[in-house]
Amino acid sequence: MRVVCPGSFDPVTNGHMDIITRSAALFDEVIVAVLINEAKTGLFTVEERMALLREATADYPNVKVESFRGLLVDFCRARDARVVVKGIRAVSDFDYELQMAQMNHGLTGVETLFMPTNPLYSFLSSSLVKEVARWGGDVSAHVPGPVAARMAELFQQCQG
Ligand code: PNS
């Protein structure tokens with residue numbers, strides 16, 4: 001079965017990696033789908049996010065990284081994927097995720113499976129990681145190696 005793990009991934013964290021790698025162990029093929037959101041400027045371009053995700057998932061041959069714009073359900077239909085996998089860090093994630101899952105199911109019948117995040121990563125988000133890194137904090141325990149290196153480089157350039 002082919003599943004889609006969608007998100008902004010600005011940048012990918014160890015929490016995302018937990019969901020992606022556990023999905024890769026359960027399903028034949030995992031498409032990590034990076035949203036192209038023209039309304040929002042990220043820290044990383046979509047191409048950079050995809051390159052970092054590809055590096056981080058290089059050891060998982062059944063994981064592919066792609067980007068999409070527009071509706072997630074249209075992307076899933078185009079890739080013939082009937083299941084979306086989403087990580088749930090805490091009850092606070094659940095409200096909005098449930099709404100999206102129900103809307104998406106209503107639109108095309110795509111199913112959403114919720115995977116509880118490893119509690120090691122319950123507090124982790126891309127926004128927090130960016131804030132800590134921006135002020136010189138060490139985020140190397142929270143993101144894949146190439147992401148930590150790239151962020152250190154970026155924020156050093158800003159300060160230098
Ligand atoms: O990492 P994020 O920002 O929490 O991911 C959110 C994402 C990309 C999964 C969600 O915003 C999404 O699916 N966007 C695509 C547009 C869409 O389909 N919107 C309708 C959702 S019901």
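## Close-up views of the predicted model

**Figure 1. Asp 80 is exposed, with a relative accessible area of 62%.** This value exceeds the limit for an exposed residue, which is set at over 50%. The structure shown here and in the following views is a predicted model. Asp 80 belongs to the loop that joins helix 3 to strand 4. Its backbone is marked by a positive phi of about 60°, although Asp 80 is not a glycine.

**Figure 2. Ala 81 occupies the loop between helix 3 (72-78) and strand 4 (83-88).** Ala 81 has a relative accessible area of 6% and is therefore buried, whereas Asp 80 is exposed. Once neighbours within four places in sequence are set aside, the contacts of Ala 81 are with Arg 2, Val 4, Cys 76 and Val 110. A further pair to locate in this view is Ala 81 and Ile 31, which stand 50 residues apart along the chain. The C-alpha atoms of these two residues are separated by 8.9 Å.

**Figure 3. The loop between strand 1 (2-7) and helix 1 contains Pro 11.** The peptide bond that leads from Asp 10 into Pro 11 is cis, and its omega is near 0°. Phe 9 is found in the loop between strand 1 and helix 1 as well. Phe 9 is not a glycine, yet its phi is positive, near 50°. With a relative accessibility of 4%, Phe 9 counts as buried. A positive phi thus appears both at buried Phe 9 and at exposed Asp 80.

**Figure 4. Asp 18 is placed in helix 1 (residues 14-26).** Its relative accessibility is 9%, so this acidic residue counts as buried. Apart from residues up to four places away in sequence, Asp 18 touches Thr 117, Asn 118 and Tyr 121.

**Figure 5. Ser 125 lies in the loop between strand 5 and helix 5 (126-134).** The relative accessibility of Ser 125 is 18%, and the residue counts as buried because the limit for that class is under 20%. When neighbours within four places in sequence are left aside, Ser 125 is in contact with Thr 13 and Arg 89.

**Figure 6. Phe 68 and Phe 75 form one of the two aromatic pairs found in a search of the whole structure.** The ring centres of Phe 68 and Phe 75 are 5.4 Å apart and the planes meet at 35°, so the pair is classed as tilted. Phe 68 counts as buried at 7% relative accessibility. For Phe 75 the relative accessibility is 7%, and this residue also counts as buried.

**Figure 7. Phe 94 and Phe 114 make an edge-to-face pair.** The centres of the two rings lie 5.5 Å apart and their planes are at 70°, which is why the pair is edge-to-face. This pair links distant parts of the chain, with Phe 94 in helix 4 (residues 91-108) and Phe 114 in strand 5 (residues 111-116), 20 residues apart. Phe 94 has a relative accessibility of 33% and counts as partly exposed. Phe 114 is likewise partly exposed, with a relative accessible area of 29%.

**Figure 8. Six helices and five strands make up the secondary structure of the protein, the setting for the close-up views.** Along the sequence, these elements follow the pattern β-α-β-α-β-α-β-α-β-α-α. The radius of gyration is 16 Å, close to the 15 Å that the globule rule gives for 160 residues, so the protein is as compact as a globular protein of that length. The C-alpha trace spans about 50 × 35 × 30 Å along its principal axes. Of the 160 residues, 44% count as buried; among them are Phe 9, Asp 18, Ala 81 and Ser 125. Among contacts between residues at least 6 apart in sequence, 76% join residues at least 24 apart. The accessible surface comes to about 8,900 Å², and 54% of this area belongs to carbon and sulfur atoms. The protein carries 15 positive and 19 negative side chains, and the centres of these two sets lie 4 Å apart.

Notes. Residues are numbered from 1 along each chain as its sequence is written. This is a predicted model: local features need pLDDT of at least 70, side-chain atom pairs count only at pLDDT 80 or more; totals for chains, interfaces and linings use all residues. Side-chain values use heavy atoms; hydrogens and water are left out. Helices (H or I, at least four residues) and strands (E, at least two) are DSSP runs, numbered from the N terminus. The radius of gyration is taken over C-alpha atoms; the globule rule is 2.2 Å times the number of residues to the power 0.38. Buried means under 20% relative accessible area, exposed over 50%, partly exposed in between (1.4 Å probe, protein chains only). Contact means heavy atoms within 4.5 Å. Accessible areas come from the Shrake-Rupley method with a 1.4 Å probe; for residues, only the protein chains shown count as cover. The place of a charge is taken as NZ of Lys, CZ of Arg, CG of Asp or CD of Glu. Rings of Phe, Tyr and Trp (its six-membered ring) pair if their centres lie within 6.5 Å; planes under 30 degrees apart count as stacked, over 60 as edge-to-face and the rest as tilted.
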